[in-house]
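Hi everyone, thanks for coming. I'd like to walk you through one structure today, so let's put it up on the screen.

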Amino acid sequence: MNKPIKVAGLFLASALVFTACGNNNNEPAAANTAQQSASPAADVGNSAIKEGTVKLQDLTKQLQDAIDKQDAEQFKTIAKSINEAWLAYESTVRQTFPLEYTDVEKYEMPIFSASAYDKVDFAVLKDTAAGLQNALTTLLNAKETTGSTSELLLKGVANYKSYVEEQTDKLTAQTKVFADAVKAGDAEQAKLEYAKARVFYEAIEPIAESFGDLDPKIDARIGDIEDPATWSGFHRIEKALWVDNSLAGMDVIADQLVKDTEDLQAQAKTYELDAKTVVAGAMELLNEAATSKITGEEEVYSHLDLVDFAANVDGSKTVYLSIIPALNEKKPELADQLDQAFQQLEETLRTHQTNGLYITYDKLTTDEIRVISDQLSQLSNLMSQTAGIL
């Protein structure tokens, strides 16, 4: 049965996990060991940032009031105003305070996305709005760092590692819920939980192959293996749910999947990452999505490919955010292009949602698929250009 899967809350949760970005909200903003630039141009830029941030703080307070009142229409109106206000000066923030920019971006994005939904998840958005307000306070008090670009880049990569760790934590927890539904023989519930778990795995796919044989054990498709009798992981159960219409024998597969995600979780906490590795992974993933995943081969039974694409884009954008300091120094125009390309693709994907539900991939027209493919290819090409500056 092809039916839309709700992922609005999932991507709100996914966007929230990049918690290591920017200043720690429990530390004073003055912890940035730096002094403000005394140049007139810097003063003008910092003034614009302060004015824009104060405006955003006021709008966010209005948004929080609308959430408290559970006024959906007011929420949507204010959320769109917040996005417009942020777009007006985000490039200046990205150049001057790259880590604080990342912190604001991770909360602003899901708020704007939610403004397009018919129904508003006020419980989730309450925490998101609070996070945005805290991030704006940090930005308002931020001082330009005297740290070198390499130091900032190391911190950005450390932030990305924290993102990966948190995604794998959520993956493990959600996979257990999925496995429980499978073992209980509840096919309809299992289908819903399957989609939720897939989000967290696809978000870290830029580095998934770094974990040896865990990637094929967790994510292999039937065409990826030599002996079908050894097939395990998500897609084996996907076939049982959407094609076989039987969960017979899936208990063992489900238990193994939980074990494999737990192993992935453990490895993610000790694995050492570097900027070139994560950028290469994001570039390869976007290229794969544009050339092979775009055919619908990833979720060939459930047709939940748009869920995967959105998570791939979310994870790849997190990579991009982690390397902004290097882009600012060596190729700021590329940062602008990447920012615009990610926004364009995110907007395209949103057009294929109904009330926060992604339609199944088989409902897309050839032209709609071609647009997604072209935009993915553009992103992959832009990400490839970052490799030379790291």
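Let me start with a small puzzle: leaving aside its neighbours within four places in sequence, which residues is Q95 in contact with? Please keep in mind while you look that this is a predicted model.

The partners are N328 and P332. Q95 itself sits in helix 4, which covers residues 90-96. The C-alpha atom of Q95 is 8.9 Å from that of L327, and those two residues are 232 positions apart along the chain. As for exposure, Q95 has a relative accessible area of 39%, so it counts as partly exposed.

Now let me step back to the protein as a whole. There are 16 helices and three strands in its secondary structure. The chain has 390 residues, and 54% of them count as buried. If you take the contacts with a separation of 6 or more, 80% of them are between residues 24 or more positions apart. The accessible surface adds up to about 15,900 Å², and carbon and sulfur atoms hold 50% of that.

On to helix packing. Two packed helices are described by the angle between their axes and the distance between the axes. I have three pairs to show you, and I'll go through them in turn.

Pair one is helix 7, residues 149-183, with helix 11, residues 250-270. Their axes are 9 Å apart and the packing angle is about 165°. Angles over 145 degrees count as roughly antiparallel, so that is the label for helix 7 and helix 11. The residues of this contact between helix 7 and helix 11 include eleven nonpolar, six polar and nine charged ones. The crossing of helix 7 and helix 11 is left-handed.

Helix 7 also takes part in pair two, this time with helix 8, residues 187-203. Here the axes come within 8 Å and cross at roughly 160°. Helix 7 is therefore roughly antiparallel to helix 8, and their crossing is left-handed. If you want to click on the contact, the residues from helix 7 include Y163, Q167, L171 and F178, and those from helix 8 include A190, Y194, A197 and F200. By class, the contact of helix 7 with helix 8 has twelve nonpolar, four polar and three charged residues.

Pair three is helix 13, residues 305-322, and helix 15, residues 332-350. The axes of helix 13 and helix 15 lie 11 Å apart, at an angle of about 160°. That angle is why helix 13 counts as roughly antiparallel to helix 15. Their crossing is left-handed. On the helix 13 side, the contact is made by L306, F309, A310, V313, S316, K317 and Y320. Helix 15 contributes A335, L338, D339, F342, L345, E346 and L349. Sorted by class, the residues of the contact of helix 13 with helix 15 come to ten nonpolar, one polar and three charged.

Let's leave the helices and look at some loops. Is V120 buried or exposed? Its relative accessibility is 14%, and since buried means under 20%, V120 counts as buried. You'll find V120 in the loop between helix 5, residues 98-114, and helix 6, residues 122-140. Not counting residues up to four places away in sequence, V120 touches A72, F75, K76 and L125. There is a long-range pairing here as well: V120 and N355 are 235 residues apart along the chain, and their C-alpha atoms are separated by 8.8 Å.

Last topic, backbone torsions. Most residues other than glycine have a negative phi, and most peptide bonds are trans. With that in mind, here are two residues to look at.

One is N245, which is not a glycine and has a positive phi near 55°. N245 is in the loop between helix 10, residues 234-244, and helix 11. With a relative accessible area of 62%, N245 is exposed.

The other is H303, also not a glycine, with a positive phi of about 60°. H303 is placed in the loop between helix 12, residues 275-291, and helix 13. Its relative accessible area is 22%, so H303 is partly exposed.

That's my tour. Thanks for listening, and I'm happy to take questions.

Key
Residues numbered from 1 in each chain as written. Predicted model: local features only at pLDDT ≥ 70, side-chain atom pairs only at ≥ 80, totals over all residues. Heavy atoms only, no water. Helix = DSSP H or I, 4+ residues; strand = E, 2+ residues; numbered from the N terminus. Buried < 20%, exposed > 50% of the residue type's maximum accessible area, 1.4 Å probe, protein only. Contact = heavy atoms within 4.5 Å. Areas by Shrake-Rupley, 256 points an atom, 1.4 Å probe, with all protein chains shown as cover. Axes fitted to C-alpha atoms, helices over the stretch in contact; angles between N-to-C directions. Parallel < 35°, antiparallel > 145°, perpendicular 65-115°, else oblique. Left-handed = near helix turned anticlockwise from the far one by under 90°. Nonpolar A, V, L, I, M, F, W, Y, C, P; charged D, E, K, R; others polar.
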